[in-house]
Amino acid sequence: VQLQASGGGLVQAGGSLRLSCAASGSIFSINTMGWYRQAPGKERELVAVLDNGGGTSYADSVEDRFTISRDNAKNTWYLQMNSLKPEDTAVYYCNADLRTTSWGRGRNYWGQGTQVTVSS
């Protein structure tokens, strides 16, 4: 199983970006899909998570600005980021808890990270 994140880049404050994460390989089901970020000198933090029931959860700092969504048919999820701020600058990692077989337990997988830089 591989997770491939894309969509990062350089944007001015107030701008928007959309990140994508595509999961590939032998996937039976994806339990949760999420995005984390890590800024220089800081710990990795949860940004947003989406469960297979459609429930979402966001970090307080991105609530009302970021939206997580998914395309189940493509095993792909997205993070729409609006009204970006310089403090959103970080490497963004996608994450999934998924099963590769119907009888197996969920395991945690990480994408490689994509850089988001917001200039003031």
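This report describes side-chain interactions in a predicted model, taking in a disulfide, an aromatic pair, two charge-over-ring arrangements and the surroundings of Asn95.

**The disulfide**

The structure holds 1 disulfide. Its partners are Cys21 and Cys94, with an S to S distance of 2.1 Å. This pair links distant parts of the chain, as Cys21 belongs to strand 3 (residues 17-24) and Cys94 to strand 9, 73 residues apart. A disulfide is a covalent bond between the sulfur atoms of two cysteines. The link of Cys21 and Cys94 is right-handed, with 55 degrees about the S-S bond. Cys21 has a relative accessibility of 0% and therefore counts as buried; Cys94, at 0%, is likewise classed as buried.

**The surroundings of Asn95**

Asn95 is placed in strand 9 (residues 90-99). With a relative accessible area of 6%, Asn95 falls under the 20% cut-off and is therefore buried. Its side chain takes part in a polar contact of 3.1 Å with the side chain of Asn108. The side chain of Asn95 also reaches the backbone oxygen of Tyr109, at 3.3 Å. When neighbours within four places in sequence are left aside, the residues in contact with Asn95 include Leu3, Thr32, Met33, Gly34 and Trp77. Tyr36 and Trp110 are also among the contacts of Asn95, and these two residues form the aromatic pair described next.

**The aromatic pair**

The structure holds 1 aromatic pair. Tyr36 and Trp110 meet edge-to-face, at 4.9 Å centre to centre and with 65 degrees between the planes. Because Tyr36 lies in strand 4 (residues 29-38) and Trp110 in strand 10 (residues 107-110), the pair ties together parts that are 74 residues apart in sequence. Tyr36 is partly exposed, its relative accessible area being 23%. Trp110 also counts as partly exposed, at 37% relative accessibility.

**Charges over rings**

The charged ends of two arginines, Arg18 and Arg44, sit over tyrosine rings. The table gives the distance from each charged end to the ring centre.

| Charged residue | Ring | Distance to ring centre |
|---|---|---|
| Arg18 | Tyr78 | 4.2 Å |
| Arg44 | Tyr93 | 3.7 Å |

**Strand 9 in summary**

Strand 9 holds both Cys94 and Asn95. Cys94 is joined to Cys21 by the disulfide, whereas Asn95 makes its side-chain polar contact with Asn108. Cys94 is buried at 0% relative accessibility, and Asn95 is buried at 6%.

Conventions. Residues are numbered from 1 along each chain as its sequence is written. This is a predicted model: local features need pLDDT of at least 70, side-chain atom pairs count only at pLDDT 80 or more; totals for chains, interfaces and linings use all residues. Side-chain values use heavy atoms; hydrogens and water are left out. Helices (H or I, at least four residues) and strands (E, at least two) are DSSP runs, numbered from the N terminus. Buried means under 20% relative accessible area, exposed over 50%, partly exposed in between (1.4 Å probe, protein chains only). A polar contact is a pair of N or O atoms within 3.5 Å; within protein, one must be able to donate a hydrogen and the other to accept it, and residues adjacent in sequence count only if both atoms are side-chain atoms. Contact means heavy atoms within 4.5 Å. A disulfide is a pair of cysteine sulfur atoms within 2.5 Å. Rings of Phe, Tyr and Trp (its six-membered ring) pair if their centres lie within 6.5 Å; planes under 30 degrees apart count as stacked, over 60 as edge-to-face and the rest as tilted. A charge sits over a ring if NZ of Lys or CZ of Arg is within 6 Å of the ring centre and within 35 degrees of the ring normal.
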